[in-house]
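Q: Please take a close look at one part of this model, a pair of neighbouring strands, and then set that part in the context of its sheet and of the whole chain.

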Amino acid sequence: MSELELRSLNKYFGDFQAVRDLNMKINKGELIVFVGPSGCGKSTLLRLIAGLEEISSGELLINGEVANTWVPVKRQVAMVFQSYALYPNMTVAGNIAFGLQQTKMPKDEIKKLVAEASTTLKLDELLHRRPSQLSGGQSQRVAIGRAIVRKPRIFLFDEPLSNLDAELRVHMRVELIALHRRIKKTMIYVTHDQVEAMTMADRIVVLNAGNIEQVGTPLELYNSPTNEFVAGFIGSPKMNFFEETHREGDYISVAGGRFSLTDLDIVTLPPRLKVGIRPESIEVGSSVALPIKGKVELVERLGAESFIYVNIGAASPIVARVSGQKAPNAGDTVGMGAKDGLTYLFDATTGSCVSGISTKLNET
């Protein structure tokens, strides 16, 4: 049985529909990540699950029971927000224990639960400190500890790492993954950062304008996006897109290159096509056999790899990922082509993917 199920879930704020007829199941013990751009409805959806917002229509089921009218405490969920919201006049131990104290739980039991949470989160040496004496990562762990002691059925995280610096975000990401493996609880994590989604999730839910665009494992979304939105959102840097400029028989012209469609297993081609190529799927060199030519405008050198931005006369440059030690320089003219089997075709009108990585678009 699914721990959590959404059936035709909708949320309106006046005339604005923030969540649109969502359907999905979340299994017990999964780490699910809701990802999407700002305003896509991911935080609103989290608040609907928590019981902090009223569901406009549809059903929220927890372990098979309709939970629309349940108060948050009955739902047995614990929410960790972007803001740590720690009480500055209390110690770490006091902050973790505060919610339990409000329930009139016996002191010995509270002490035991606080000790278990502090050991799990490696806070034992910090229990007597106050929030002003903590780093950002330590404060976030205290906020998580406050949730753990409640022994919830489901953990909800609303962009909990967005206030941390880059290095600390990576560290806390690893700690959260390890925590999930230790406690084996269902976790629903909201972020706009697709790198966090890819590295943490058992499954990712890609949201856009209140709709679910696709649900799948990180590699399923990376390798087999259902549409242009998912293909462009999953992957960093994002996928390059080029509209076909001319079609003649089984050939299309795209970004200065001419490609054969004869190997494609597509019954009916849409009227207009768009080609998608990931930066890491682009071959770069000076060979005349490479069909797309352009001038390097910018090189981002990151050490082991570099990203080059190549002007081909289109609305935006092509971005390619190359070896950090062999990157061309700004101003160089380079040739580019797609590696076999790593090109996507989209319907330029609907955005749906009509052919994925099994496609072989051979330059001719």
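A: In this predicted model, Val275 stands opposite Leu345, a residue of β21. The two strands concerned are β15, covering residues 273–277, and β21, covering residues 343–347; they run antiparallel and are joined by five bridges.

This pair belongs to an open sheet of four strands, in which the order is β11-β15-β21-β22 and the pairing is antiparallel. The edges of the sheet are taken by β11 (240–243) and β22 (353–355). Each of these edge strands has a single partner strand, so one side of each is left without a neighbour in the sheet. On average, neighbouring strands here are turned by 35° against each other, with direction ignored.

The wider setting is a chain whose secondary structure amounts to 23 strands and nine helices. Its C-alpha trace spans about 80 × 45 × 35 Å along the principal axes. The chain has 364 residues, and 49% of them count as buried. Among contacts with a separation of 6 or more, 64% are made by residues 24 or more positions apart.

As to the surface, the accessible area of the chain is about 17,400 Å², and carbon and sulfur atoms contribute 50% of that area. The charged side chains comprise 41 positive and 40 negative ones, and the centres of these two sets lie 8 Å apart.

Note on methods: Residues are numbered from 1 along each chain as its sequence is written. This is a predicted model: local features need pLDDT of at least 70, side-chain atom pairs count only at pLDDT 80 or more; totals for chains, interfaces and linings use all residues. Side-chain values use heavy atoms; hydrogens and water are left out. Buried means under 20% relative accessible area, exposed over 50%, partly exposed in between (1.4 Å probe, protein chains only). Contact means heavy atoms within 4.5 Å. Accessible areas come from the Shrake-Rupley method with a 1.4 Å probe; for residues, only the protein chains shown count as cover. Lys and Arg count as positive and Asp and Glu as negative; His and the chain ends are not counted. The place of a charge is taken as NZ of Lys, CZ of Arg, CG of Asp or CD of Glu. Two strands pair if DSSP finds at least two bridges between them. Axes are lines fitted to C-alpha atoms, for helices over the stretch in contact, and angles run from 0 to 180 degrees between N-to-C directions.
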